[in-house]
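Student: I would like to go through this model with you. Please show the sequence and structure.

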Amino acid sequence: MGSVLTGFGFSLALIVAIGAQNAFVLRQGLRREHVLPIVAICVAADATLMTAGIAGLGAAVADTPAVLTAVRWGGAAFLLTYAVLAARRALRPAALAPLDRPPAPLRATLLACLAFTFLNPHVYLDTVVLLGTVAHRDPHRWAFGAGAATASLVWFTALGLGARRLAPMLARPAAWRIVDGTIAAIMLALGLSLAVG
């Protein structure tokens, strides 16, 4: 049980930081748009990557810097593009009533979620390399992994479904301008950090 709790706490500390994936899940939750499939993708991706890291892939990835470099540049381009789109939404009042317009197609939303998940080098560093390495130091590494995956499930479910409680507060265009402006700033900072890092 101690390993499960340790894995849960360690994983939660990594996941809770505001990043591209969290901002995307929050926005989808606020829009009440395809929330459960988005949460399912995030949780399944985390569990898969954590399992790979615990199974030993973390060491292999750390020894292949060319893979991380390719993912870094692809991720930077994606995040900077999304930053521009979020900034445009923040600047155009017509685009600031997200609950009034029809939802984006499920396929496009899922592809965006997959991109936020797998084009982000930090997800590999956190789940595969860092979490995998720490799990190997625990006497019960798979129990540690189960706790880590549970933290992902709890966090993304709370973030996606809990965002609905904020919807009344965010019914005004000015509030969405702040949300999209903040998302644009986060994406821009992450994209630039990847490009120059």
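Tutor: We will take confidence, then a helix, then a charged pair. This is a predicted model, in which local features need pLDDT of at least 70 and side-chain atom pairs count only at pLDDT 80 or more, while totals for chains, interfaces and linings use all residues. Residues are numbered from 1 along each chain as its sequence is written, and side-chain values use heavy atoms, without hydrogens or water.

Student: In which helix is confidence highest?

Tutor: pLDDT is the predictor's confidence in each residue, from 0 to 100. The protein chain averages 82. Confidence is lowest in helix α4 (residues 57–62), at a mean of 67, and highest, at 94, in helix α3.

Student: Where is the kink in α7 centred?

Tutor: Helices are DSSP runs (H or I, at least four residues), numbered from the N terminus. The bend at a residue is the angle between axes fitted to the seven residues ending there and the seven starting there. In α7 the kink is about 35 degrees, centred on Leu131.

Student: Is Arg31 buried or exposed?

Tutor: Buried means under 20% relative accessible area, exposed over 50%, and partly exposed in between (1.4 Å probe, protein chains only). Arg31 has a relative accessible area of 6%, so Arg31 is buried.

Student: Which side chain meets Arg31 in a salt bridge?

Tutor: A salt bridge is a side-chain nitrogen of Lys or Arg within 4 Å of a carboxyl oxygen of Asp or Glu. A search of the whole structure finds one. At 2.0 Å, N to O, the partner of Arg31 is Glu33.

Terms used
Helix = DSSP H or I, 4+ residues; strand = E, 2+ residues; numbered from the N terminus.
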